[in-house]
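Reader: Please take a close look at the salt bridges of this model, and describe for me which side chains pair up and where they sit.

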Amino acid sequence: MKKNELPQDIKFECTLKIEAAGGDDSVPRFNMVAYTGGEMIIAGFDHPVVVDLAGLSIERQNLPIRLDHNARQGVGHTERVAIEGGIVSAEGLISRDTSWARDVIRSGKNGFPWQASIGARIIEAEFIPPGNQVQVNGRTFAGPLYVVRKSILKEISFVDSGADTNTSVKVAAKAREEEQVQEKNQDEKVAEESVTKTETPTENEVQHEKEQEPQPEQTVPEKIEAQAPKQPDPVAQMRQRIAIETRRIQAIRQICNGEYPEIEANAIESGWDTSRCELEVLRAARPKAPAVKTSTPQLDRNILLATAALAGQADEAVMLKAYGERALNEADRYRGIGIQEFFRLCARAEGRELPHFAGTGTDFIQAAFSTLSLPGILSNVANKMLLEGYNYVEDVWWQICKIATVSDFKQHTRYRLTDDFKFQKVGADGELKHGKVGEQTFSNQADTHGIMFSLTRQTIINDDLAAFMDVPRRLGMGAAEAIAEAVWALLLSNPGSFFSSGNKNYAAGADTALSIDGLTAAELLFLDQTKPNGRPLAIAPRYLLVPNALKVQAQLLMSSLKLNETTTANKPKPVDNPHAGKFEVAVSSYLGNAAFTGNSTKAWYLFADPNRLAALEVAFLNGVDRPTVERAEADFNTLGIQFRGFIDFGVREQDPRGCVKMKGEA
């Protein structure tokens, strides 16, 4: 595998704990051991990976904390990230006032076992071929493997590793020497707000646990020792691999129990772990159609919710977490059910039977919506489908925009203190000088955006539940599109000459094309920004924003140490690239779209971290940054039942010093 074919990023899980920092109003904290210097199996690499701690740089101490590596799902920030004693450790605060941060805190207090995943940008990687050895992190490793010589720690995320046991390689790869956690003291009272207290077990205990637990599914041989010995014994390693493979095959045969020979053969041949095998056996055991039984299983709310969600083709792993395995198995019996039969199930759960559907269907509709469960179930599933669609649409704007909260629909003014607060030398008289205080103002205002949809009498007669459940998903996509289009339309329209030579944040000409020289000029333009008193602003850019046409060029500039630039005159080829790994690449399809005024496939931008200096701001009413679904009572004889989805937000430009635009052409 060539270097430029390797993934640009790696993510590896670690253990963590959340604890209250003080009184009831304190901000919850977390800490974690991220990496211990050993081998890892990582998606995208065909051999184990070792990260060289000597070449791992920490981008900054206040790294963002996110949920599931989603830039828009902010949770908090780190206060300290360090490489000490051969390990990477981090601690910080769950400081964001977002719905995701509140979910993390509440779930943690309820005992949910959150995991963490660390994301790093690869700058340089080296392949060690079979038969060769390499010294990394004070240890000896044998090829074949990759050594990430240079990398940058970018962010940390809370992840729900238990929500998808069949795709553990999808989000992160677990280090072979990652420290496992266990409870410190069973006698301590759990009256504090601490969610978990852990200690690192001994090396023997870790090895014993790893031999007993199911091995993760992978397409390459797995390294089996907990810690690579200084002088590895190839024979011992081979015996350990054979022992683990033997246990895996025995476990698979016990699960299949002679009833599923094809699954058993595939599992052994393809290297499945026991979790994957159990899932496939469970799916094979489900009836393909409602089974004929002497007694009907007791219907409950979760089964009905899962039935409606299946009709909407919701993600199976999400449904398993929300409704449970039993409900999902029972709901699978009703896969492909129509609206009329679903209404009958809801009534049957309350011990009622609906009339036969005939004539105009008026009596049937009235009876169905007189039940207690049906309206609430439809509203619940519609809300989930809407949120699912909301997450489908491109959300790059979350990276470059500041997310703010407003309490009403009035215009809100933001104030930023300016002028001179530099410390002055104190004279012999001991008198301190007064700082000069001024202010800059920026404004924003939230508006309501929404739409209605109905489960009409005509839809009920047509009896297509899947078509109805797809409607809220599309409305969720519409909500996300409304915000995205508002952000990009504002940016491209250049309101009030936001990008201009007067603001010192705009340049045009052939030398502004995206290249090493162009990027150097843009960075210099950004760094030369000043405060109102004329002194340096001293804030560096973080994001390189480009249209689709410049995506590959931007990624090459951020990942390659050397580049061939055919348009660079009087330079040897290839040339050194001083910008490798310097900025995060953000790509938006809206920038070059002809439907937007001011679009360009050649213009590109540098943006500061919006939490330090915001060029654009998106404000949500009361911090609700996802759409809301409400059920409205209606005349069921005519309309059936109505829903409305809405979201309240506003988009406004802020400080022009927070970004730079390069036209990319003359």
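Author: Counting as a salt bridge any side-chain nitrogen of Lys or Arg within 4 Å of a carboxyl oxygen of Asp or Glu, one arrives at 17 salt bridges. The model is a predicted one, in which local features need pLDDT of at least 70 and side-chain atom pairs count only at pLDDT 80 or more, while totals for chains, interfaces and linings use all residues. Residues are numbered from 1 along each chain as its sequence is written, and side-chain values use heavy atoms, with hydrogens and water left out.

One of these bridges joins Glu-126 to Arg-149, whose closest N and O atoms are 2.8 Å apart. Because Glu-126 belongs to strand 8 (residues 115–128) and Arg-149 to strand 11 (residues 145–159), the pair ties together parts that are 23 residues apart in sequence; helices (H or I, at least four residues) and strands (E, at least two) are DSSP runs, numbered from the N terminus. Glu-126 is partly exposed at 34% relative accessibility, and Arg-149 is partly exposed at 21%, where buried means under 20% relative accessible area, exposed over 50%, and partly exposed in between (1.4 Å probe, protein chains only).

Within helix 4 (residues 234–256), Arg-248 and Glu-245 lie three residues apart, about one turn of the helix, and their side chains form a salt bridge of 2.7 Å, N to O. Here Arg-248 is buried at 8%, whereas Glu-245 is partly exposed at 33%.

A further bridge, 3.0 Å from N to O, connects Glu-584 with Arg-542. This pair links distant parts of the chain, with Glu-584 in strand 22 (residues 584–588) and Arg-542 in strand 19 (residues 541–547), 42 residues apart. Both Glu-584 and Arg-542 are buried, and salt bridges with shared partners join them with Arg-60 and Asp-609 into one network.
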